[in-house]
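Q: I have a chain open here and would like to talk through how its helices pack. Could we start with the term for handedness, since I always mix that up?

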Amino acid sequence: VGVLLLTGAGYGLWQYQMNRNAQSFRDRADEAKAAGDIEAAANFLAQYLGFRPKDDEVRAALADLYCDVAKQKLEEQRYMEVGGYLRAVENTLYKLPNLDKLRRKLLDMYMLTGQTSEAQDHVRILLGNSMSDPELLKFQALLLTQQSKEAEAVTMYEQLVGYDPKAKAFD
């Protein structure tokens with residue numbers, strides 16, 4: 001009976017410590033973000049996910065912070081560090097594919113860094129959810145132009161400006 005009580009008490013203490021440590025990382029992430037240190041905030045959230053790997057809300061928030069950190073690294077001309085953050089965002093979108101706002105933010109990062117093939121994949125997915133978004137259509141046309149797919153790009157530009165090539169008239 002004593003061993004059973006000791007085991008139960010040990011497990012209870014361990015569970016309490018796990019909860020306390022996880023919450024501590026989350027609190028420290030909030031403090032770092034409030035202080036403007038987004039990289040530290042991202043690191044604390046990553047540590048939190050070590051304790052709570054199924055917390056998809058925090059996973060999405062971390063990916064959003066990773067986009068911000070990647071943009072900051074670009075501005076600081078620390079290009080070698082950008083790729084890791086963008087891959088982490090890709091992994092999050094693989095696990096949580098319905099985060100269109102995050103996908104749009106990643107698309108903007110890919111456009112900034114000139115990664116057209118990666119951007120193309122995300123434009124296709126976003127266009128599947130919102131075919132009439134003119135900014136996405138513009139990105140699609142731009143990407144097609146950069147990939148030397150002029151005929152497809154012309155069709156996309158015509159659609160953007162409302163030109164009907166069969167009727168040879170604007171809408």
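A: A crossing of two helices is called left-handed if the near helix is turned anticlockwise from the far one by less than a right angle, and right-handed if it is turned clockwise. Please keep in mind that what you see is a predicted model.

Q: Okay, so which way does H3 pass H4?

A: The crossing of H3 past H4 is left-handed.

Q: And at what angle do the axes of H3 and H4 cross?

A: Their axes cross at roughly 155 degrees and come within 9 Å. Angles over 145 degrees count as roughly antiparallel, and H3 and H4 are therefore roughly antiparallel to each other.

Q: Which residues make the contact there?

A: From H3 the contact includes Arg59, Ala63, Tyr66, Cys67 and Ala70, among others, while H4 contributes residues including Val82, Tyr85, Leu86, Val89 and Lys95. By class, the contact of H3 with H4 has twelve nonpolar, one polar and three charged residues.

Q: Switching to the core, which members of the largest nonpolar core touch the most others?

A: Those are Leu86, Val89 and Leu107, in a core of 41 residues. Helices H1, H2, H3, H4, H5, H6 and H7 each supply at least two residues of this core, and the largest share, nine residues, comes from H3.

Q: Why would such residues gather like that?

A: As a general tendency, nonpolar side chains in soluble globular proteins tend to be buried together.

Q: Back to Leu86, what does it touch further along the chain?

A: Not counting residues up to four places away in sequence, Leu86 touches Ala70, Leu106, Met109, Tyr110 and Gln115.

Q: Now a glutamine, Gln120: is it buried or exposed?

A: Gln120 has 3% relative accessibility, and because buried means under 20%, it counts as buried. The residue lies in helix H6, and once neighbours within four places in sequence are left aside, Gln120 is in contact with Gln140, Leu143, Leu144 and Gln147.

Q: Zooming out, what does the secondary structure of the chain come to?

A: The chain has eight helices and two strands, and in order from the N terminus the elements run α-α-α-α-α-α-α-α-β-β.

Q: How much of the chain is made up of buried residues?

A: Buried residues account for 33% of the 171 residues in the chain. As for contacts, among those between residues at least 6 apart in sequence, 42% join residues at least 24 apart.

Note on methods
Residues are numbered from 1 along each chain as its sequence is written. This is a predicted model: local features need pLDDT of at least 70, side-chain atom pairs count only at pLDDT 80 or more; totals for chains, interfaces and linings use all residues. Side-chain values use heavy atoms; hydrogens and water are left out. A nonpolar core is a set of buried Ala, Val, Leu, Ile, Met, Phe, Trp, Tyr and Cys residues joined through side-chain atoms within 4.5 Å. Buried means under 20% relative accessible area, exposed over 50%, partly exposed in between (1.4 Å probe, protein chains only). Helices (H or I, at least four residues) and strands (E, at least two) are DSSP runs, numbered from the N terminus. Contact means heavy atoms within 4.5 Å. Axes are lines fitted to C-alpha atoms, for helices over the stretch in contact, and angles run from 0 to 180 degrees between N-to-C directions. Angles under 35 degrees count as roughly parallel, over 145 as roughly antiparallel, 65 to 115 as roughly perpendicular and the rest as oblique. Ala, Val, Leu, Ile, Met, Phe, Trp, Tyr, Cys and Pro count as nonpolar, Asp, Glu, Lys and Arg as charged, and the others, Gly among them, as polar.
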